Amino acid sequence: MSNVRRVYVEKKKEYAVAAKELKSEIKSYLGIKTVTDVRVLVRYDIENISEDVYKRALVTVFSEPPVDDVYEEDFD
């Protein structure tokens, strides 16, 4: 049986342009004025790679550490 790892990547608040745009669209197009915050996360399911390759890929392939937050398996 393969070991599947789940990773979520989210832009840090100051770089979350897509989330800000989506919040604006929800308010204007859908008329939902009570929305206070929107988060956009990208989910990756990774399998059949070694621990070393996985750790290196987290910060080179799946995210950009200066602008992204990475959550392994679960997110807040």
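Is Asp 37 buried, partly exposed or exposed? In the predicted model examined here, Asp 37 counts as partly exposed, at 44% relative accessibility. The carboxylate of this residue takes part in a salt bridge with Lys 13, in which the closest N and O atoms are 3.1 Å apart. Lys 13 lies in the loop between strand 1 and helix 1 (17-29), and Asp 37 in the loop between helix 1 and strand 2 (41-47), so the pair ties together parts that are 24 residues apart in sequence. Lys 13 itself is exposed, its relative accessible area being 57%; this value exceeds the 50% above which a residue is classed as exposed.

The Lys 13 to Asp 37 pair belongs to a set of ionic contacts, and the structure holds ten salt bridges. Side chains of opposite charge can pair when their charged atoms come close. Another of these pairs is formed by the side chains of Lys 11 and Asp 68, with an N to O distance of 3.0 Å. Here the partners lie in two strands, Lys 11 in strand 1 (residues 4-11) and Asp 68 in strand 3 (residues 68-72), and the salt bridge therefore ties together parts that are 57 residues apart in sequence. The partners fall into separate accessibility classes: Lys 11 is partly exposed, at 34% relative accessibility, whereas Asp 68 is buried, at 8%. The assignment of Asp 68 follows because its value is under the 20% limit for buried residues.

A further salt bridge joins the side chains of Arg 43 and Asp 45, with 3.2 Å from N to O. Both partners count as partly exposed, Arg 43 at 47% relative accessibility and Asp 45 at 38%. Elsewhere, salt bridges that share partners link Arg 5, Glu 51, Lys 55 and Glu 72 into one network.

The surroundings of one further lysine were also examined. Lys 27 is located in helix 1 and is partly exposed, with a relative accessible area of 27%. When residues up to four places away in sequence are not counted, Lys 27 touches Ile 32, Lys 33 and Val 35.

Taken by residue, the accessibility values of the paired side chains include 57% for the exposed Lys 13 and 8% for the buried Asp 68. Among the partly exposed partners are Asp 37 at 44% and Lys 11 at 34%.

Conventions. Residues are numbered from 1 along each chain as its sequence is written. This is a predicted model: local features need pLDDT of at least 70, side-chain atom pairs count only at pLDDT 80 or more; totals for chains, interfaces and linings use all residues. Side-chain values use heavy atoms; hydrogens and water are left out. A salt bridge is a side-chain nitrogen of Lys or Arg within 4 Å of a carboxyl oxygen of Asp or Glu. Helices (H or I, at least four residues) and strands (E, at least two) are DSSP runs, numbered from the N terminus. Buried means under 20% relative accessible area, exposed over 50%, partly exposed in between (1.4 Å probe, protein chains only). Contact means heavy atoms within 4.5 Å.
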